[in-house]
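Me: Could you walk me through this chain, one question at a time? I'd like the reasoning along with each answer.

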Amino acid sequence: MGLMINCKEATDLISKKEEKKLSAQQNIKLLFHLFLCRVCNFFYKQNNVIISSVSLMQKKSASSLSTNEKEQMVEVLEKELMP
């Protein structure tokens with residue numbers, strides 16, 4: 001089992017991981033790639049923040065968020081997305 005995958009394959013696996021469609025072997029390959037590749041690791045983290053934010057927004061409409069909740073979301077986005 002070769003562990004090396006390229007960045008295109010890694011981004012494809014990241015998308016599959018969101019949908020919980022990764023085999024154990026694919027997950028190992030992705031984790032190994034993320035360990036070695038800072039760019040894909042950053043993409044993975046960004047993607048997780050975006051997915052979490054969208055999920056939160058689906059649970060609550062923007063108009064029903066308190067000012068504090070909106071500020072917390074901005075803080076998380078700034079912290080996670082700014083290198």
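What follows is a run of questions and replies on confidence, core, helix packing and a few single residues.

Me: Which element has the highest mean pLDDT?

Reply: Bear in mind that this is a predicted model. The protein averages a pLDDT of 86, and 93% of the residues score at least 70. Among the elements, α4 sits at the bottom with a mean of 83, while the top mean, 95, belongs to α2.

Me: Which helix gives the most to the largest nonpolar core?

Reply: That core has eight residues: Ile5, Ala10, Leu13, Ile14, Leu30, Leu34, Cys37 and Cys40. At least two of them come from each of α1 (7-18) and α2 (24-36). With three residues, the biggest giver is α1.

Me: What does leucine 34 touch, leaving out residues up to four places away in sequence?

Reply: Leu34 is one of the residues of the largest nonpolar core. Cys40 and Ile14 belong to that core too, and both are touched by leucine 34. With Asn41 and Tyr44 added, the list for leucine 34 reads Ile14, Cys40, Asn41 and Tyr44.

Me: How are α2 and α3 oriented to each other, parallel or perpendicular?

Reply: The axes of α2 and α3 come within 6 Å and cross at roughly 115°. On the α2 side the contact uses His33, Leu34 and Leu36, and on the α3 side Arg38, Cys40, Asn41 and Tyr44. The crossing is left-handed. Angles of 65 to 115 degrees count as roughly perpendicular, so that's the word for α2 and α3: roughly perpendicular.

Me: And which hand does the crossing of α1 and α3 have, left or right?

Reply: Here the axes are 11 Å apart, at an angle of about 25°. An angle under 35 degrees counts as roughly parallel, so α1 and α3 are roughly parallel. Cys7, Ala10, Thr11, Ile14, Lys17 and Glu18 of α1 make the contact with Cys40, Phe43, Tyr44, Asn47 and Ile51 of α3. As for the hand of this crossing, it's right-handed.

Me: Is histidine 33 buried or exposed?

Reply: Histidine 33 is part of helix α2. Leaving out residues up to four places away in sequence, histidine 33 touches Ile5, Asn6, Cys7, Ala10 and Cys40. Its relative accessible area is 8%, and the cut-off is under 20%, so histidine 33 is buried.

Me: What is phi of lysine 20 near?

Reply: Lysine 20 belongs to the loop between α1 and α2. With a relative accessible area of 73%, lysine 20 is exposed. Its phi is positive, in a residue other than glycine, and is near 60°.

Me: How far apart are the C-alpha atoms of glutamine 25 and glycine 2?

Reply: Glutamine 25 lies in helix α2. At 38% relative accessibility, glutamine 25 counts as partly exposed. Along the chain, glutamine 25 and glycine 2 are 23 residues apart, and their C-alpha atoms are separated by 9.8 Å.

Me: And what about serine 64 and arginine 38, how far apart are they in space?

Reply: Serine 64 is in the loop between α3 (38-59) and α4 (67-81). Its relative accessible area of 45% makes serine 64 partly exposed. Serine 64 and arginine 38 are 26 residues apart in sequence, and from C-alpha to C-alpha the separation in space is 37 Å.

Terms used
Residues are numbered from 1 along each chain as its sequence is written. This is a predicted model: local features need pLDDT of at least 70, side-chain atom pairs count only at pLDDT 80 or more; totals for chains, interfaces and linings use all residues. Side-chain values use heavy atoms; hydrogens and water are left out. Helices (H or I, at least four residues) and strands (E, at least two) are DSSP runs, numbered from the N terminus. Buried means under 20% relative accessible area, exposed over 50%, partly exposed in between (1.4 Å probe, protein chains only). A nonpolar core is a set of buried Ala, Val, Leu, Ile, Met, Phe, Trp, Tyr and Cys residues joined through side-chain atoms within 4.5 Å. Contact means heavy atoms within 4.5 Å. pLDDT is the predictor's confidence in each residue, from 0 to 100. Axes are lines fitted to C-alpha atoms, for helices over the stretch in contact, and angles run from 0 to 180 degrees between N-to-C directions. Angles under 35 degrees count as roughly parallel, over 145 as roughly antiparallel, 65 to 115 as roughly perpendicular and the rest as oblique. A crossing is left-handed if the near helix is turned anticlockwise from the far one by less than a right angle, and right-handed if clockwise.
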